[in-house]
Amino acid sequence: MVLIIGGAWQGKLSWAIKEYGLQPEEIWDLEQGYCTGYRCYTHLEALTRRGDTAPFPPDAIVIAREIGGGVVPLNADERLWRERHGVLVQALAAQAQRVVRIFCGLPEVLK
Amino acid sequence: MRILLIGGSKSGKSRLAQEFCLRLDGERYYWATMEPADGEDRARIARHREERAGCGFITIEQGRNLSAQAVPPDAAVLFDSVTALLSNEMFSSGGIDQSAGERAGKELLETSRRCRHFVCVCDDLWRDGMDYDDATRYYCRALAQICRRCAEEFDTVCEVTGGLVRCWKGALPE
């Protein structure tokens, strides 16, 4: 697995498309629920917001927004979402062969 | 040389930008973009201007509709900040100007290309997971897009935290 993380609108998907030569039909947007058989899954934060889990294929490219860089919200749902998201990102990062953080369109290989 | 410094508020990016400018040659200009809203803003501007005067910066104030003619071509410019520039361009008409991001990005890049050295700072607003209203979301996205455009062609891109620098692209002036 490859895990790509970074803040909102930093160019994570654009970088993945270029780096891995992804075609549009190989990319699944997790805003639309989960679906097996894709090479790249983007918007992991939409999945964790719903409280879903997904059996990502071992060779998947997963793209996740960093959402924990602000004040912990008073609202319990918002807090639990950050918790679920953070825990899943850590688990995926632990099992991924490669973890890349994107900042301003620029990559940094963390693992 | 062109440098983009990105960091949270009070991370030390403006101070570092000033430090890097002082290492560069050319006549030094501080390009202020803040449009004061009240007495508190005016007091802060006056204080900053005094601090910089001792370092030999000439201050110019232009918060939108940038024109590179405002500084001579051999200038070393500290542009503070991209954050304020976009805010002025997007919101000062009363509503939301949807074309502001594209326009501000173009003005900023064109201005930077005409300067001998250009050091600009921007706030990091993209990692808090907040669900903002449409106007704020639009603003945050446009700001990220401007930074990515700058990052593509600038020599150096840095992240600043706690007054410390991490280079994502290029190197710092010696």
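Helices are DSSP runs of H or I with at least four residues, and strands are DSSP runs of E with at least two, both numbered from the N terminus.

Q: Where does A:His43 lie in this predicted model?
A: A:His43 is in the loop between strand E3 (40–42) and helix H2 (44–50) of chain A. The model is predicted.

Q: What makes the backbone of A:His43 notable?
A: Its phi is positive, about 65 degrees, although A:His43 is not a glycine.

Q: Why is A:His43 called partly exposed?
A: A:His43 has 19 other C-beta atoms within 10 Å. A residue needs 20 or more to be buried and 12 or fewer to be exposed. The count for A:His43 falls in between, so the residue is partly exposed.

Q: Why is B:Asn65 called exposed?
A: For B:Asn65, 10 other C-beta atoms lie within 10 Å. The limit for an exposed residue is 12 or fewer, and B:Asn65 therefore meets it. B:Asn65 is part of the loop between strand E3 (58–61) and E4 of chain B, and its phi is near 45 degrees, a positive value in a residue other than glycine.

Q: How do you know that B:Gly129 is buried?
A: The count for B:Gly129 is 21 other C-beta atoms within 10 Å. Since burial begins at 20, B:Gly129 is classed as buried. B:Gly129 sits in the loop between strand E5 (117–123) and H5 of chain B.

Q: With which residues is B:Gly129 in contact, leaving aside its neighbours within four places in sequence?
A: These are A:Ile67, A:Gly68, A:Gly70 and A:Arg82. Between the two chains, 16 residues of chain A are in contact with 18 residues of chain B. The chain A side of this contact holds six nonpolar, seven polar and three charged residues.

Q: Which peptide bond is cis, and how do you know?
A: The bond that joins B:Asp80 and B:Ser81 is cis, with omega at about 10 degrees. B:Ser81 belongs to the loop between strand E4 (75–80) and H3 of chain B.

Q: Why are H3(B) and H5(B) called oblique to each other?
A: The axes of helix H3 (residues 82–91) and helix H5 (residues 134–153) of chain B come within 10 Å and cross at roughly 130 degrees. That angle is outside the range of 65 to 115 degrees for roughly perpendicular and is not over 145, the limit for roughly antiparallel; the pair is therefore oblique. H3(B) passes H5(B) in a right-handed crossing.

Q: What makes up the contact of H3(B) with H5(B), by class?
A: On the H3(B) side are B:Val82, B:Thr83, B:Leu86 and B:Met90, which meet B:Tyr139, B:Ala142, B:Leu143, B:Ile146 and B:Cys147 of H5(B). Eight of the residues in this contact are nonpolar, one is polar and none is charged. The polar one is B:Thr83, because Thr is not listed among the nonpolar or charged types.

Q: At what angle do H3(B) and H4(B) pack?
A: The angle of H3(B) with helix H4 (residues 100–114) of chain B is about 135 degrees, and their axes are 9 Å apart. As this value lies between 115 and 145, H3(B) is oblique to H4(B). The contact joins B:Val82, B:Leu85, B:Leu86, B:Glu89 and B:Met90 to B:Ala100, B:Gly101, B:Arg103, B:Ala104 and B:Leu108. Seven of these residues are nonpolar, one is polar and two are charged. The charged ones are B:Glu89 and B:Arg103, since Glu and Arg count as charged.

Q: At roughly what angle do the axes of H4(B) and H5(B) cross?
A: They cross at roughly 30 degrees and come within 9 Å. An angle under 35 degrees counts as roughly parallel, so H4(B) is roughly parallel to H5(B). The crossing of these helices is right-handed.

Q: Which residues of the largest nonpolar core touch the most other members?
A: Of its 71 residues, they are B:Leu4, B:Val77, B:Leu86, B:Val119, B:Leu143 and B:Cys147. H5(B) gives the most to this core, with nine residues. Beyond its neighbours within four places in sequence, B:Leu86 is in contact with B:Ala100, B:Gly101, B:Ala104, B:Tyr139, B:Ala142, B:Leu143 and B:Ile146.

Methods: Residues are numbered from 1 along each chain as its sequence is written. Chains are lettered from A and ligands numbered from 1 in the order in which they are written. This is a predicted model: local features need pLDDT of at least 70, side-chain atom pairs count only at pLDDT 80 or more; totals for chains, interfaces and linings use all residues. Two residues are in contact if their C-beta atoms, placed from the backbone, lie within 7 Å. Axes are lines fitted to C-alpha atoms, for helices over the stretch in contact, and angles run from 0 to 180 degrees between N-to-C directions. A crossing is left-handed if the near helix is turned anticlockwise from the far one by less than a right angle, and right-handed if clockwise. A nonpolar core is a set of buried Ala, Val, Leu, Ile, Met, Phe, Trp, Tyr and Cys residues joined through C-beta atoms within 7 Å.
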